[in-house]
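Trainee: Please take me closely through one part of this structure, and then show me how that part fits with the rest of the chain.

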Amino acid sequence: QVQLTESGGGLVQAGGSLRLSCAASGRTFSSTYPYAMAWFRQGPGKGREIVASIRDSSVAKPYYADSVQGRFTISRDNAKNSVYLQMNSLKPSDTANYYCAAMDSFRFTLIQARLYDHWGQGTQVTVSS
């Protein structure tokens with residue numbers, strides 16, 4: 001079994017920064033490392049949406065939602081089974097519960113929540129104006 005645990009959420013003023021961390025425990029991955037890891041978020045009254053995703057390969061460019069492009073940076077440390085999300089220039093619209101997700105093996109797309117195999121419990125990010 002695999003468990004993902006997020007941390008780093010909190011309350012921050014608009015324009016501020018936060019760094020989210022996600023640590024994976026257990027061993028259910030079909031490969032040495034997850035094929036992909038991602039951050040999703042769900043704001044109040046909204047559905048779950050992709051924030052960013054990153055492949056196991058260093059040559060593959062990370063994916064970012066248009067709403068966070070240029071402000072957020074996703075990274076991973078395979079040796080630590082961890083993925084991170086550096087969030088800069090935060091806006092009130094970024095307020096949401098942020099979820100870490102892992103995809104065990106190859107899929108043709110990486111931005112659909114239903115394709116991910118493991119999920120964290122979420123960490124709340126609140127951005128005040």
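Mentor: Happy to. Let us agree on burial first: a residue is buried when its relative accessible area is under 20%, exposed when it is over 50%, and partly exposed in between, using a 1.4 Å probe and counting protein chains only. By that scale Ser 89, with 40% relative accessibility, is partly exposed. Keep in mind that this is a predicted model, in which local features need pLDDT of at least 70 and side-chain atom pairs count only at pLDDT 80 or more, while totals for chains, interfaces and linings use all residues. Residues are numbered from 1 along each chain as its sequence is written, and side-chain values use heavy atoms, leaving out hydrogens and water.

The part I would pick is the loop between β9 and β10, where Leu 110 is found. The strands here are DSSP runs of E with at least two residues, and helices would be H or I runs of at least four, numbered from the N terminus. The chain has 11 strands and zero helices.

Start with the rings. The structure holds five aromatic pairs; rings of Phe, Tyr and Trp (its six-membered ring) pair if their centres lie within 6.5 Å, and planes under 30 degrees apart are stacked, over 60 edge-to-face, and the rest tilted. One of the pairs joins Tyr 35 and Phe 106, edge-to-face, with 5.6 Å from centre to centre and 75° between the planes. Tyr 35 sits in the loop between β3 (18–26) and β4 (36–42), and Phe 106 in the loop between β9 (96–103) and β10 (118–119), so this pair ties together parts that are 71 residues apart in sequence. Phe 106 also pairs with Phe 108: the centres are 4.9 Å apart and the planes meet at 75°, so this pair too is edge-to-face. Together Tyr 35, Phe 106 and Phe 108 make up one aromatic cluster. How do the accessibilities run along it? Tyr 35 is buried at 13% relative accessibility, whereas Phe 108 is exposed at 80%.

Now move along the loop to its leucines. Leu 110 is buried, at 18% relative accessible area. Leaving aside residues up to four places away in sequence, Leu 110 touches Tyr 35, Ala 36, Ile 50, Ser 53, Arg 55, Met 103 and Tyr 116; a contact means heavy atoms within 4.5 Å. Tyr 35 from the aromatic cluster is thus also a contact of Leu 110. Leu 115 lies in this loop between β9 and β10 as well and is buried, at 12% relative accessibility. With the same sequence neighbours left out, Leu 115 touches Met 103, Arg 107 and Thr 109. Met 103 therefore appears in the contacts of Leu 110 and of Leu 115.

How does the loop connect to the interior? The largest nonpolar core has 27 residues, of which Trp 39, Leu 85, Met 87 and Tyr 98 touch the most other members; such a core is a set of buried Ala, Val, Leu, Ile, Met, Phe, Trp, Tyr and Cys residues joined through side-chain atoms within 4.5 Å. Two or more residues come from each of β1 (2–7), β3, β4, β5 (48–55), β7 (72–77), β8 (82–87), β9 and β11 (123–128). Leu 115 belongs elsewhere: a second, separate core of 10 residues includes Phe 40, Ile 50, Met 103 and Leu 115. In soluble globular proteins, nonpolar side chains tend to be buried together.

Back in the first core, the contacts of Met 87 beyond four places in sequence include Leu 18, Leu 20, Phe 72, Tyr 98 and Val 125.

Arg 48 is worth a look too. Arg 48 lies over the face of Tyr 99, 4.5 Å from the ring centre, and its charged end also sits over the ring of Trp 119, 4.6 Å from the centre. For this, NZ of Lys or CZ of Arg must be within 6 Å of the ring centre and within 35 degrees of the ring normal.

Finally, step back to the whole chain. Buried residues make up 45% of its 129 residues. Of the contacts with a separation of 6 or more, 60% join residues 24 or more positions apart. The C-alpha atoms fill a box of roughly 45 × 25 × 25 Å along the principal axes.
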